[in-house]
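User: Hi! I've got a structure open and could use a second pair of eyes. Could we start with the cavities?

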Amino acid sequence: MPPESPHSAPGRTSGSHGPSFQQLLLLAFLLLAGLLGASSLRALHTLEQLMLQSRDGAAQATDLSAAAQALSQRGQALERAARQSLVLHDRPLRRSFESMSVEAQAILERLRAGALPADQARQWRRHLDAIEALLDAPPERALDNERLVAEEFVALAALHAAIVASVQDMNARRAKELQGRIEASQRNVTHQVVGSIVLALALALALGIWLARPFKRLEGAIRRLGENRLDQAVLISGPGDVRRVGQQLEWLRLRLLELDADKARFLRHVSHELKTPLAALREGVALLQDGVTGALNTGQREVTQILQHNTLVLQREIEALLRFNAAAFEARQLQRQDTDLLALLEAQVESQRLQWQAKDLRVQIEGPALSLQIDADKIAVAVGNLLSNAIRFSPQGATVRLTLSCPPGWVRLDVSDQGPGVAEDDRERVFEPFYRGLHQPGDAVRGTGIGLSIVREYVAAHGGQVRVVDAGDHSFFRMELPHA
């Protein structure tokens with residue numbers, strides 16, 4: 001088995017470490033889902049806390065209001081028990097008063113724990129202490145004390161009304177504070193959700209650009225390979241599987257370089273091997289025509305003329321093969337410079353003046369003055385080949401037009417003539433090397449079939465395109481170059 005090439009397929013090279021594109025994509029989705037999920041959970045937690053605070057606040061407000069009402073009711077019961085015990089000197093009524101007093105003080109303690117103003121609690125205790133002192137006074141002062149007790153309970157009733165009002169104000173204030181916290185929490189949750197969405201979008205955009213960048217480089221590498229621009233190495237960074245694809249493209253580029261070099265060597269070898277016997281054949285035919293070996297009769301002279309014609313045709317074919325090979329190689333070596341396209345067109349028209357004047361043709365150049373960074377020599381060859389093709393196929397006395405225009409992003413050159421045009425069956429193959437179309441002028445020298453191929457090589461090397469455009473009865477060639 002033959003040894004492997006140094007540029008053999010990278011399937012057995014050292015594996016590319018690191019996560020794959022699929023794993024990175026999954027990680028990106030998980031990261032975005034985690035970000036949005038965390039924001040949603042935080043919003044739910046905040047909502048739950050607000051609901052608990054609202055429920056606790058409502059329960060506390062209800063409890064305080066009930067306690068204030070209960071304290072007021074206990075005050076009325078205390079008043080009845082106190083006055084009756086004072087007038088009747090009834091011990092059970094006094095014990096009932098004391099029992100209700102303890103309950104009232106417990107209710108007051110609940111209110112105080114619920115943020116009842118301390119001065120109101122102190123006033124209530126002072127009134128209760130005063131009432132108890134009056135109840136403990138000697139019996140002979142009962143009538144006077146009964147009036148004083150009544151006054152104390154009137155003051156206590158007013159204090160109960162003030163306590164109820166304070167509880168209502170306190171509940172209203174707490175409800176307002178709770179509403180403020182709810183609105184603030186709502187704003188915070190809104191900001192968190194919006195911030196999470198914006199952050200997720202920015203993160204998704206950044207990840208998308210970062211993950212798409214290797215594929216853009218892959219696309220550019222494939223396009224360069226398709227345009228036969230093999231001078232730049234394929235270096236792709238990114239996920240492991242994308243790097244492996246880049247290694248395979250680099251291997252393909254090296255193989256294409258080897259094949260291209262083999263083709264060039266083969267063409268040079270074949271051309272050299274053919275030119276040597278061809279030169280000897282031409283010399284031999286020339287000697288026969290000159291009568292070196294003796295005078296030729298009419299039949300022999302016709303044979304030598306046929307031999308001379310075919311040797312000339314064969315020589316042109318070999319020279320065309322060499323020119324095409326040289327053009328394919330030179331297309332990868334551009335020397336760009338700022339070039340006046342109108343001046344370039346005028347120079348090509350002037351260089352072929354004898355050809356178009358011999359057929360009494362009119363050559364017109366139309367379009368604005370344009371300047372472009374191109375390899376002037378190669379584009380001049382391309383324009384010259386298109387112009388030569390138009391002159392060759394134009395009828396006597398016709399007009400050839402070179403129209404320059406500038407559509408967005410491009411510089412366009414249309415080369416049109418009044419000839420038969422390119423046959424529809426030929427339009428897909430007219431740029432193939434050594435292909436000759438169906439419509440050939442009968443009075444012209446037979447072409448080699450490489451002129452348009454060289455045009456395509458040089459235009460593609462500039463990142464442009466050349467094609468046949470159907471214009472009804474006639475067709476013409478359109479060349480487009482990118483214009484930055």
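User: Which residues line the largest cavity?

Analyst: Happy to help! This is a predicted model, and in it the lining of the largest cavity is made up of Leu 341, Leu 344, Leu 345, Ile 379, Val 383, Leu 404, Val 411, Arg 412, Leu 413, Met 479 and Leu 481.

User: How do those divide into nonpolar, polar and charged?

Analyst: The lining has 10 nonpolar residues, one charged and no polar ones. Arg 412 is the charged one.

User: And which helices and strands supply at least two lining residues each?

Analyst: Two helices do, H7 (341-351) and H9 (376-393), along with strands E5 (410-416) and E7 (474-482).

User: How much space is in there?

Analyst: About 80 Å³. The whole structure has two cavities of 30 Å³ or more.

User: Switching topic: where does UniProt put the transmembrane region?

Analyst: The unreviewed UniProt entry places it at residues 193-212.

User: What does the chain look like there, helix or strand?

Analyst: Residues 193-212 are 100% helix and 0% strand, with 28 Å between the C-alpha atoms at the two ends.

User: Nice. How many helices and strands does the protein have?

Analyst: The protein has 10 helices and seven strands.

User: What share of the residues is buried?

Analyst: Of the 484 residues, 34% are buried. The protein exposes about 28300 Å², and 57% of that comes from carbon and sulfur atoms.

User: Last one: what share of the contacts with a separation of 6 or more joins residues 24 or more positions apart?

Analyst: That share is 72%.

Technical notes
Residues numbered from 1 in each chain as written. Predicted model: local features only at pLDDT ≥ 70, side-chain atom pairs only at ≥ 80, totals over all residues. Heavy atoms only, no water. UniProt positions renumbered as here; feature names shortened; annotations may be inferred. Helix = DSSP H or I, 4+ residues; strand = E, 2+ residues; numbered from the N terminus. Buried < 20%, exposed > 50% of the residue type's maximum accessible area, 1.4 Å probe, protein only. Contact = heavy atoms within 4.5 Å. Areas by Shrake-Rupley, 256 points an atom, 1.4 Å probe, with all protein chains shown as cover. 1 Å grid on protein atoms, 1.4 Å probe; cavity = no way out; pocket = protein on both sides within 12 Å on 5 of 7 lines; lining within 4 Å. Points joined across faces, edges and corners; volume = space filled by probe spheres on them.
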